[in-house]
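Me: I am new to this structure and should be grateful for a close look at one buried position and its surroundings. Please then set that position in the context of the chain.

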Amino acid sequence: MPQNTVLPIPADLPATLREHAEPLYAKLAATLSAADLDICRDERIKQSAPKVCLCSQFVLENWLKEPAIIKDLVESGDLFSPVRRQSYASTTAQFEVDSEAALAKRLRQFRRREMLRIAWRDLAGWADLDETLADLSELADCCIRSGLDFCYAQACQRWGTPISRAGHPLNIVVLGMGKLGAAELNFSSDIDLIFGFAEDGLLTERKEISYGEFFTRICRSLIKLLDETTVDGFVFRTDVRLRPFGDSGPLLMDFDGMEKYYLSQAREWERYAMIKARQVAGDFVTGQQLAGIIKPFVYRRYLDYGAFEELRALKFQITQELKRKDRLDNVKLGPGGIREIEFIGQAFQLIRGGREPRLQQREIQAVLKSLAELQLMTHNDVSLLTEAYRFLRQVENHIQAFQDKQTHDLPKQEAYQMILAYSLGYNDWPSFKARLDSVRQGVHGIFEQVFSLSEQDRQHQSSKVIWSGVDPVRCLALLGECGYIDAEDTFKALQDFKTSSAVKKLTNKGANFLDRLMPLALETIANIETREVTLKRVLALFSAVSGRSVYLALLAENPDALNQLVRLASASSWICDYLGKYPILFDELLDPAALYQPLNKAALAQDLQRELDKLESRDSEALMIALRQFKHINVLRVAAADVMSVIPVMVVSDYLTWIAEVVLDQVVMRAWSMSIDKYGCPPGASAQQISGFGVIGFGKLGGIELGYASDLDLVFLYRCQDDLAMTDGPKSISCAQFYIQLGQKIRHILDTKMLSGILYECDLRLRPNGDSGLLVTHIDHYEDYLRNQAWTWEHQALVRARFISGDVNMQEEYQSIRARILALPRDTRQLKQQVAEMREKMRTHLADESADAFDLKQSKGGMADIEFLVQFGVLARAQHNAKLTIYTDNIRILESLTQDGFLNSDDAHALKEAYKAYRNFAHHQILQGERAVASPQEFDKLRGKVDAIWEHIMLNRTT
């Protein structure tokens, strides 16, 4: 054989490949020489062509068939630089064709040229994976758009142009699915498309035809244009089976039909497929409307743990099919392959994507990055998966670039195995295969960890027998062995639950989750001391959430979460009820570290800001849902830490108060922005900063003593120079009206009933003149009212009043007013009489005076006595001691009254100990679903001390 001067054999070519390579190089050299196309004088071609031609029969055969094609790529410079996105579009836009056949030919020539360029750059090592995938995807996009534009123009010329009800021309929306949708198209991939159109109508210009038929004909023409194999090959193999109803459904549907399908009839796997849906061609205006229809179908607002089961089942079916066909060496679908990496990312997307916008992405590498950032997977696992994905995708592309065939199987022939290994930089097949096996083992290990069957599959048979209920005698015996004292009552509770309407209404999928969950739940509860009570609480909770079987799935998939639930259920019926009302909180059970560590105020503010930043600024419903979820999550954390004695009672109230303060700050700020958007700014105000408005908290909020069931006692104040001055918006109103509207908006956000509950019950009766007064009061009028019209009990309430949120400039002004009013000169004897009479009147109307009950709030010696003593002390002594106006919480005011001399240290200590003990008991009564009532003996000594101090100070009696 003559010396090959055109394509020198690479020095690094393994000896086992030389025999295979030499004839190929000689044949190509002869072809190039005959065509007088010695472009190999270009050093870049000379160095890269031997490897490229050996590793891709597709490149070699097309070069042999049409030698000028590589010459064109070289001389144009296109081979040596990444494609610019706009260059594909500009190339296809210049096609001057007058028929589908002519366009089909041009597109096939264009596709072949660009596939050669992409394959060459990849195999030569000039392009990284991201460039290759992006170029392939952009190539497909441009071919689809070019084909659709031509077919649409031809159809309009024949039948007329469809017009929307709004008067705009209508075109179809083409969704790219799978790797095309994610802009991750592999070398020989087909393209999955779904077609839709915004609205139906009738064309009557030339021949009567419905929009549906008009667009169907366009779709058929487009598919033929792309998919049909001619003498020039094909453009892209096109699959439209992912459309609604699959092969049995219409080729395209209008948006109304698609919405009904995805809301009521779509299968679970279609959610998985829709994650990657992206509009690639057509009407991009109405495409936004279709995207809005698809998004809530894919991304649920709740945490969808059923997705694990669905994807696990889908992967099992794929694996069984590969085993049947002896194709486990498939780098896409086999164990540890590309699909497993995608399933891992998409499982988290389906479960959490509705609540975490960062997961609403198509490209798997971006999804993996977000999983690490959100701490849903470890950085090490994400790094391993990302590196594995890039490696496997490169292997996949090189397999396909060899013959331009859509295959993902490793080659069986020894020569082809060596070529694949060489293309990827390995000297022999065993070293490449060892690397591939290691990568796949790492991926499969993480996949198994994420999708592992839960512990319920390994539960003791006894728990399953009890839940089955088939043999009542044996079930009773087994319940006794598990420690249930009243086995008959427990068995009856289980049977009542199984035959309840809630369980009967379960779907087959929900029933399967329950059957997997209950044996595990029974065994977990058996380890709790109060197992009978706990079981009944848990059964009631399961009944409450059974309509959303996703929460049963969460517990079935996460035994650790079930353990946390059982712990909390045994400690608190209130927490069980709370979870039943707001099951979205089940997600909190997954992270015990966060569950038992409530956030301080600064962290709460950051957390809420982060959540609200994800929202669209004008979506008030989404705002109210987010605020409620935030409150529920953080109240649950406080309750969990409380019942497990992680935090003391004094801190419980601090945490609950901080939650309310942070929420109020955001409510006021968002209501301000909404009001500005609607009415414009009052004079001197700006949209960015709250001006002239303040929220005052009274009672438990003002006293930093909020409980789990506390409402918010609020007063709204405002300041402006001129009540009649007008705002500067398009819907201008007076300043006084503006601040009233602002107050109404705040109230609406706080106490509107939604599926996610009420944010806070809001009591505004402490404003001047109560319910008959204006909702928002000018701060000057407020001081005048307090000074000249308020009752003594309103001054008492002011002792625990505190500026909470709003214009910081008003805070100091309000505090000065409060201090002045509290320090007004008062007749001590008359004040004492008024306070004592008010206390007796309250006790008469509110106290539970039954002989066997001590009402911690209203009974003699209870919390109200302590509060009234504190209020009397401040009102009586503040004119002489300004320090008494500093604090609003009872404990620190008691300390101030001791320093003032109003109380001796022994009395003050007794009152503080009693107050803390009462509050602690009341908190835990609420957590047990009980009223704040104790037996008379429970606090006998403390109650006696408080009553004695009251009698001595308020009634001038000495024991």
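Reply: Gln365 has a relative accessible area of 13%, and because buried means under 20%, Gln365 counts as a buried residue. The model discussed here is a predicted one. In that model, Gln365 is found in helix H15, which covers residues 364-373.

What does the side chain of Gln365 meet in a polar contact? Its partner is the side chain of Asp130, at 3.4 Å. Asp130 also appears among the residues in contact with Gln365 once neighbours within four places in sequence are left aside; the others are Glu184, Thr386, Tyr389 and Arg390.

Helix H15 also takes part in a salt bridge. Glu373, which lies in this helix, is paired with Arg358 from the loop between H14 and H15. The two side chains meet at 3.8 Å, N to O. The bridge therefore ties together parts that are 15 residues apart in sequence. Glu373 has a relative accessible area of 40%, so it is partly exposed. Arg358 is likewise partly exposed, because its relative accessibility is 37%. Gln365, by contrast, is buried.

The loop between helix H14 (338-352) and H15 also holds Glu356. This residue forms a salt bridge with Lys614, and the closest N and O atoms are 2.8 Å apart. Lys614 sits in the loop between helix H29 (601-613) and helix H30 (620-643), 258 residues away from Glu356, and the pair thus links distant parts of the chain. Are the two partners buried or exposed? Glu356 counts as buried, at 11% relative accessibility, while Lys614 counts as partly exposed, at 29%.

These two bridges belong to a total of 53 salt bridges in the structure. Another one joins the side chains of Arg800 and Glu867 at 3.7 Å, N to O. Arg800 is in the loop between helix H35 (792-799) and E12, and Glu867 is in helix H38 (residues 863-877); the pair links distant parts of the chain, 67 residues apart. Both Arg800 and Glu867 are buried. Elsewhere, Asp72, Asp78, Arg113, Glu114, Arg117 and Asp135 are joined into one network by salt bridges that share partners.

A charged residue may also be buried without such a partner. Asp807 is an example: it is buried yet has no salt bridge, and the nearest side chain of opposite charge, that of Arg719, is 8.0 Å away. Asp807 is placed in the loop between strand E12 (802-806) and helix H36 (808-822). A polar atom of its side chain lies 2.9 Å from the backbone nitrogen of Asn809. Beyond residues up to four places away in sequence, Asp807 touches Ile690, Ser691, Gly692 and Phe693. His923, in helix H40 (residues 905-927), is a further buried residue, with 6% relative accessibility. Its C-alpha atom is separated by 14 Å from that of Asp855, a residue 68 places away along the chain.

The nonpolar parts complete the picture. The largest nonpolar core has 142 residues, and those with the most contacts inside it are Ile144, Phe195, Phe214, Phe215, Met274 and Phe432. Helix H7 (residues 129-159) provides the largest share of this core, with 13 residues. Ile144 is in contact with Val174, Leu180, Ile191, Leu193, Leu222, Leu226, Val280 and Ala281, leaving aside its neighbours within four places in sequence. Apart from this core lies another, of 119 residues, which includes Trp467, Val550, Cys681 and Leu775.

Finally, the chain as a whole may be described. The protein chain has 959 residues, of which 57% count as buried, and its secondary structure comes to 41 helices and 14 strands. Its C-alpha atoms fill a box of roughly 125 × 80 × 60 Å, taken along the principal axes. Among contacts between residues at least 6 apart in sequence, 73% join residues at least 24 apart. The accessible surface comes to about 41,700 Å², and carbon and sulfur atoms account for 49% of it.

Conventions: Residues numbered from 1 in each chain as written. Predicted model: local features only at pLDDT ≥ 70, side-chain atom pairs only at ≥ 80, totals over all residues. Heavy atoms only, no water. Helix = DSSP H or I, 4+ residues; strand = E, 2+ residues; numbered from the N terminus. Buried < 20%, exposed > 50% of the residue type's maximum accessible area, 1.4 Å probe, protein only. Lys, Arg positive; Asp, Glu negative; His and termini not counted. Salt bridge = Lys/Arg side-chain N within 4 Å of Asp/Glu carboxyl O. Polar contact = N/O pair within 3.5 Å; in protein donor to acceptor, adjacent residues only side chain to side chain. Contact = heavy atoms within 4.5 Å. Core = buried A, V, L, I, M, F, W, Y, C linked by side-chain atoms within 4.5 Å. Areas by Shrake-Rupley, 256 points an atom, 1.4 Å probe, with all protein chains shown as cover.
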